[in-house]
Amino acid sequence: MIVIQNERARYRRRWLPRLRWGALLCAMVLIYGSHAPLISLSKVEGRVPFDPSLCVVMIELAKLLVSFAALVTTGGISALLAPTSLFLVAPYAVPAALYALNNNLVVLMQAYMDPSSFQVLSNLKIAATALLYSLCLGKRLRWSQWMSLGLLMAAGVCHSYSSLDSADVGTAQRGPKLHITGRGLFLMLVYCCASGLAAVYTERVLKSQKLPLSLQNLYLYVFGVLINGLSALSALASDKSFLEGYSWTVWAIIAGQAANGLLMSVVLKHGSGITRLFVISCSMLVNAVMSWAVLGLQLTFFFLIPLAMVALAAFLYYT
């Protein structure tokens, strides 16, 4: 009887963490995949009714409040009140600055390339993240893992190409529609490098400091609220009220992105930035299925190609 109980306890210790990790990753994939459909559902007369920069501030504020609540409920308030140095806290400002830079680059790049080119070329951030992960963190990847990341990037390009609006293709035949300038290409490279550097740097900071994750999140999102709040000051001077256009879908976007940010910190603390890439790649497939189910978009046979490529990439990387 004792032997059976010991076997059950050993089985729980072995599989329970794996089940929790799998549930966490599945939740992130679903949240990531639902982001674009929710934005589409929130549109009024084809336009987003809220200010995106203020929405980012609301997301950062939600993550800050949840992190503080988690710190209090887990008894970590003493760590927050303990004397600390600027040298310990200052590194958390870097990811916030990089993410704020990227948020502004997304808007700026639209003047130098069409949205379809942006959608396809943004998959270069997979390669940028992998290179920075190897160089900055000293992680050596096997040739099969490099191949899997190449497949992951190719899957993103295939998915982006398959989702191009056929109306854009038709108008492109009558005149120049798809375009990208030299400055746009440069900004895209900066965008991809900043995205990869933010993920790699955050992972390094979270793992190098022996602090409670809730306290580290608190530091991260204090800077996130401050930096993104400064970039959103111009929106406060507009005619729109602060919460104008905030329907239930917008609040769902805020809640989902806040949850995803908090879950991502768990992945970077206990996993790796490469796991983050697989989550994002899997989410684009969930995004396609949800767009078909909720928005009525048509799926084609071409959808199966990136699906198979992501599955093969995961097999190559983790075996």
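Is A97 buried, exposed or partly exposed? With a relative accessible area of 37%, A97 is partly exposed. I begin with this alanine and return to it shortly, after some words on the model as a whole.

Good morning, colleagues. What we have before us is a predicted model. The protein chain contains 15 helices and zero strands. Of its 319 residues, 41% are buried. The accessible surface amounts to about 17,600 Å², and carbon and sulfur atoms account for 69% of that surface. As for the contacts, consider those between residues at least 6 apart in sequence: 88% of them join residues at least 24 apart.

A97 offers one example of positions distant in sequence. This residue belongs to helix α5, which covers residues 93–109. A97 and A198 are separated by 101 residues in sequence, while their C-alpha atoms are 8.8 Å apart in space.

Let me turn to the charged side chains. Side chains of opposite charge can pair when their charged atoms come close. How many salt bridges does the chain have? The count comes to two.

One of these salt bridges joins the side chains of E60 and K63, with an N to O distance of 2.9 Å. Both residues are part of helix α2, residues 52–73, and they stand three residues apart, about one turn of the helix. E60 has a relative accessible area of 11% and is therefore buried. K63 has a relative accessibility of 9%, so K63 also counts as buried.

E203 and K207 form a salt bridge as well, and their closest N and O atoms are 2.9 Å apart. Here the spacing is four residues within helix α10, residues 182–208, so about one helical turn separates E203 from K207. Are E203 and K207 buried, exposed or partly exposed? E203 is buried, at a relative accessible area of 1%, whereas K207, at 32% relative accessibility, is partly exposed.

I move next to the polar residues of the interior. Q216 is located in helix α11, which spans residues 213–231. Its relative accessibility is 0%, and it is therefore classed as buried. Which side chain does the side chain of Q216 meet in a polar contact? The partner is the side chain of K269, at 3.0 Å. When neighbours within four places in sequence are set aside, Q216 is in contact with Y92, V205, L206, Q209, L211 and K269.

S265 is a second buried polar residue to consider, with a relative accessibility of 4%. Helix α13 contains S265. A polar atom of the S265 side chain lies 2.5 Å from the backbone oxygen of L262. Not counting residues up to four places away in sequence, S265 touches L206, L213 and N217. L206 thus appears in the contacts of Q216 and in those of S265.

Now to the aromatic residues. A search of the whole structure yields five aromatic pairs. One of them is formed by F278 and Y317, a tilted pair with 5.7 Å from centre to centre and 55° between the planes. Why does this pair tie together parts that are 39 residues apart in sequence? F278 is in helix α14, residues 273–295, and Y317 is in helix α15, residues 304–318, so the pair links those two parts of the chain. Both F278 and Y317 are buried. Ring pairs also bring in Y318, so that F278, Y317 and Y318 make up a cluster.

Finally, the surface. Which residues make the nonpolar surface patch of about 490 Å²? They are L41, W248, V294, L295 and L297. Within this patch, W248 belongs to helix α13, residues 248–270. W248 has a relative accessible area of 62% and is therefore exposed. Helix α13 accordingly holds both the exposed W248 and the buried S265.

To close, I would recall three points. The predicted model has 15 helices and zero strands. Its two salt bridges include the one between E60 and K63. Its aromatic pairs include the one between F278 and Y317, two residues that are both buried. Thank you for your attention.

Note on methods
Residues numbered from 1 in each chain as written. Predicted model: local features only at pLDDT ≥ 70, side-chain atom pairs only at ≥ 80, totals over all residues. Heavy atoms only, no water. Phe/Tyr/Trp six-rings, centres within 6.5 Å; stacked < 30°, edge-to-face > 60°. Buried < 20%, exposed > 50% of the residue type's maximum accessible area, 1.4 Å probe, protein only. Patch = residues over 30% accessible without salt bridge, like charges linked within 9 Å, V, L, I, M, F, W, Y side chains within 5 Å. Areas by Shrake-Rupley, 256 points an atom, 1.4 Å probe, with all protein chains shown as cover. Salt bridge = Lys/Arg side-chain N within 4 Å of Asp/Glu carboxyl O. Contact = heavy atoms within 4.5 Å. Polar contact = N/O pair within 3.5 Å; in protein donor to acceptor, adjacent residues only side chain to side chain.
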